[in-house]
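Thanks for making the time this morning. I would like to take you through one part of a fold, a strand and its surroundings, and then finish on a single side chain.

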Amino acid sequence: MPEMINAGDIVLKRWELAWAEELAGTVRASLPELAPWMPWANEAYDLDTARLFIEVSDDAWDEGTAFQYAVFTAVGELVGSCGLMTRMGPGILEIGYWIHSDHAGRGYATALAGALARVALATPGIDRAGIRHDAANSASGRVAAKAGFTEVGLVERDPEAPGESGFHVVWELARPEP
């Protein structure tokens, strides 16, 4: 998996421990938008939590189960996080993402979803990229649609965050037929 991906106005870089303080501040500044959908996004998110996320991400990268990236603007400002994960099963990599509240609506999530889908579909053994989001999180659905994904299903699940409905919308983008 590439450790850096250029995606237009943003650059995705494999997380480094040196960015933990900036990560903690970015998460805390975005809690009003993240907390409804992300169980880990809460008032207790601090520097130690950010360090742990980066350490766990590094281990998962080495194990080949998840590839987490920091999202930076072209001028080096941290604006979010994203990743590719194997948790949807064989032949598919799931894309997850969030963008700092102050940078929402600029197309960054759509750009990173497209870039990660291209990387996923170029990976041997992967024929689909997926996105899952809670049915009540319409903004994530707009990102998936704009990035070229097709809605393929609705899956019932137990809510883990306060804004969740208990249903995930599943989107996929398949490798083009040769």
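Let me begin with strand β4, residues 78-85, where eight of the eight residues are buried, so the strand is largely enclosed by the rest of the structure. Please keep in mind throughout that what you are looking at is a predicted model.

Which strands, then, does β4 pair with? On one hand there is β3, residues 66-73, which runs antiparallel to β4 and is joined to it by seven bridges; within that pairing, Val 71 stands opposite Gly 80 of β4. The two strands make a hairpin with four residues between them, and in the turn Gly 76 has a positive phi of about 90°.

On the other hand there is β5, which pairs with β4 over six bridges, again in the antiparallel sense, and here Cys 82 is the residue that stands opposite Tyr 97 in β5. β4 and β5 also form a hairpin, this one with six residues between the strands, and the turn contains Gly 89, whose phi is positive at about 110°.

If we now follow the chain onward, we come to His 100, which is found in the loop between β5 (92-99) and α4 (108-121). Is His 100 buried or exposed? Its relative accessibility is 9%, and because the cut-off for buried is under 20%, His 100 counts as buried. As for what surrounds His 100, once its neighbours within four places in sequence are left aside, the residues in contact with it are Thr 26, Ala 29, Ser 30, Val 79 and Gly 80. Gly 80 brings us back to β4, since that is the residue we met standing opposite Val 71.

Key
Residues are numbered from 1 along each chain as its sequence is written. This is a predicted model: local features need pLDDT of at least 70, side-chain atom pairs count only at pLDDT 80 or more; totals for chains, interfaces and linings use all residues. Side-chain values use heavy atoms; hydrogens and water are left out. Buried means under 20% relative accessible area, exposed over 50%, partly exposed in between (1.4 Å probe, protein chains only). Contact means heavy atoms within 4.5 Å. Two strands pair if DSSP finds at least two bridges between them.
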